[in-house]
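Dear colleague,

I am passing on the structure we spoke about, and below it I have set out what was found in it. Please read the notes with the coordinates open beside you.

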Amino acid sequence: MANQLTTLFTGRQKIHLREVPSTNSYLSEMQRSERLTEGAAVVAEFQTHGRGQAGNQWQSDRGQNLLVTFVFYPTFLNIQNVFLLNMGVAVALADFATEYLGEGVKLKWPNDLYYENRKLGGVLIENSIYDYQIRQAIIGIGVNVNQEIFSNELLNPASFKNITSINYDLMDVFNRLCNALEHRYLQLRRGEFQQLREDYHKHLLRHGKWEWFETDSRKFKGMVMGVNAQGRLMVQNEEGHTEHFDMKAIKYIFG
Amino acid sequence: MKSKKSTTKATAPAAATASTMNLKEIESLIQFVQKSGVSEVSLEQKDFRIIIKTSHGQATAAPVMMAPPVIHAAPAAAAPAPVSAPKASEAPKASDDSKLVTIKSPMIGTFYRSSTPEKPSFVNVGDEIKAGKVLCIIEAMKLFNEIESEVSGRIVKVLVDNASPVEYDQPLFLVDPS
């Protein structure tokens with residue numbers, strides 16, 4: 001029962017593709033000719049040019065994982081709070097993954113899905129801004145589900161199956177993701193920002209833990225204190241001083 | 001085209017006696033010719049002859065000549081661009097500039113002129129754009145925000161270098177909406 005789609009709009013309209021360069025690009029192209037209903041999804045079995053952060057290729061074996069892009073119209077969200085969109089999607093991913101994997105599901109700032117120190121998936125959000133308003137948000141999500149072997153990467157990847165040894169029905173996985181996403185999206189729409197922030201921090205990797213980080217100039221031991229309103233990562237060093245970091249300004253050292 | 005030739009025996013009695021013109025007189029004559037709008041003046045005396053030619057299209061050509069240095073200067077001084085934008089020194093163009101629309105950054109982030117480094121810029125100087133056209137991406141914490149133009153017109157200036165950080169409300173583009 002829990003695997004059924006219980007949403008009002010998220011994932012109700014669904015376009016299923018065998019193969020596509022990128023689900024984000026495909027949905028973005030569709031939006032030029034027709035405006036899809038809010039929560040519409042493009043799902044692909046295989047992406048030839050799947051995109052990760054900063055142009056990194058997202059590698060995924062055919063038919064093994066969840067590759068989906070949704071469109072939302074968060075015009076209600078003040079542009080100063082745009083990072084909450086990241087938080088909302090990330091928390092939804094954590095909710096969803098926790099249903100399968102339980103404790104150990106983490107969010108690596110800003111919006112990667114982890115299981116302990118292993119990367120399960122990621123998010124790529126592309127907004128269209130017109131007159132200081134978020135006209136549309138194209139939210140691409142990739143989650144490793146059934147793939148067992150990964151080409152060696154910097155990030156230590158993992159799938160649901162790597163952790164539980166269970167093979168999952170991708171339709172069920174899609175439905176659960178939609179349910180989780182809509183729940184958090186409605187929370188965002190209701191303005192329940194504090195709740196989102198708290199839940200995000202609950203899952204935040206290295207929150208309150210001493211671990212190693214790296215900047216352009218140094219390696220240091222630090223503790224994640226949280227994420228500020230602009231979305232910058234706040235890390236305290238051993239001298240007790242807290243710095244706020246931009247995306248490219250800090251790296252996590254996994255050991 | 002020689003629109004006018006004047007042999008001015010009558011108007012230059014002083015010069016006539018001296019047989020030459022001094023530098024001051026030549027300067028003022030040049031200024032006079034420029035103001036008059038004629039294309040050429042030839043002045044001849046006993047053993048002295050001066051021909052002053054002006055390019056008839058000069059009045060319109062000058063601002064065109066003056067504009068490019070301003071455009072080149074802007075990228076180097078990306079941040080203070082709004083200050084230099086009014087171009088007070090160029091009196092004839094001031095009225096035109098006041099019509100330009102400044103497109104500002106709606107957020108803090110990193111400014112990108114194209115979706116990926118290999119792809120061409122969304123817009124370039126001189127491009128005609130319509131409202132809704134994507135101008136740039138402001139990336140902030142892995143959110144890629146495509147900034148769409150609110151005005152139609154022509155891109156006059158790009159005020160920020162690719163891949164540089166921008167602040168909230170920092171001017172990004174100048175657009176001539178006419």
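To begin where the two chains pair, strand β6 of chain A and strand β7 of chain B, the latter covering residues 143–148, run parallel and are joined by 6 bridges. Within this pairing, Asn127(A) stands opposite Asn145(B), a residue of β7(B). Please keep in mind throughout that this is a predicted model, and that the values below were computed from it.

The contact between the chains draws on 28 residues from chain A and 22 residues from chain B. Together, chain A and chain B bury about 2,100 Å², and 55% of that area lies on carbon and sulfur atoms. On the side of chain A, Ile129(A), Tyr130(A) and Tyr132(A) contribute 28% of the area that this chain buries against chain B, which is more than any other three residues supply.

As for the polar side of the interface, 13 residue pairs are in polar contact between chain A and chain B, counting pairs with both residues at pLDDT 80 or more. In chain A, both α2 (83–101) and β6 (118–130) supply at least two residues each to the side that touches chain B, and the largest share of that side, 8 residues, comes from β6(A). By residue type, the side of chain A that touches chain B divides into 13 nonpolar, 8 polar and 7 charged residues. The count of salt bridges between the two chains is 3, and one of them joins the side chains of Lys248(A) and Glu139(B), with 2.6 Å from N to O.

Turning to salt bridges in general, the structure holds 17 over all chains. One of these is formed by Asp95(A) and Arg184(A), whose closest N and O atoms are 2.7 Å apart. This pair links distant parts of the chain, since Asp95(A) lies in helix α2 of chain A and Arg184(A) in helix α4 (residues 170–189) of chain A, 89 residues apart. Arg184(A) counts as buried because its relative accessibility is 7%, under the 20% limit for that class. Asp95(A) and Arg184(A) also belong to a network of salt bridges that includes Asp199(A) and Lys202(A).

A second salt bridge within chain A brings together the side chains of Lys119(A) and Asp112(A), at 3.5 Å from N to O. Here Lys119(A) counts as buried, with 11% relative accessibility, and Asp112(A) is likewise buried, with a relative accessible area of 3%. A further salt bridge is that of Arg190(A) with Glu192(A), where the closest N and O atoms are 2.7 Å apart; Glu192(A), at 30% relative accessibility, counts as partly exposed.

Finally, there is one residue in helix α1 of chain A (residues 23–33) that I would ask you to look at, namely Tyr26(A). Leaving aside residues up to four places away in sequence, Tyr26(A) touches Ile15(A), Leu17(A), Val20(A) and Val42(A). Tyr26(A) nevertheless counts as partly exposed, because its relative accessibility is 31%, a value in between the limits of 20% for buried and 50% for exposed. The C-alpha atoms of Tyr26(A) and Thr69(A) are separated by 8.9 Å, although the two residues are 43 residues apart along the chain.

With best regards

Technical notes. Residues numbered from 1 in each chain as written. Chains lettered and ligands numbered in written order. Predicted model: local features only at pLDDT ≥ 70, side-chain atom pairs only at ≥ 80, totals over all residues. Heavy atoms only, no water. Contact = heavy atoms within 4.5 Å. Buried area = accessible area lost by both parts, 1.4 Å probe. Salt bridge = Lys/Arg side-chain N within 4 Å of Asp/Glu carboxyl O. Polar contact = N/O pair within 3.5 Å; in protein donor to acceptor, adjacent residues only side chain to side chain. Helix = DSSP H or I, 4+ residues; strand = E, 2+ residues; numbered from the N terminus. Nonpolar A, V, L, I, M, F, W, Y, C, P; charged D, E, K, R; others polar. Pairing = 2+ DSSP bridges. Buried < 20%, exposed > 50% of the residue type's maximum accessible area, 1.4 Å probe, protein only.
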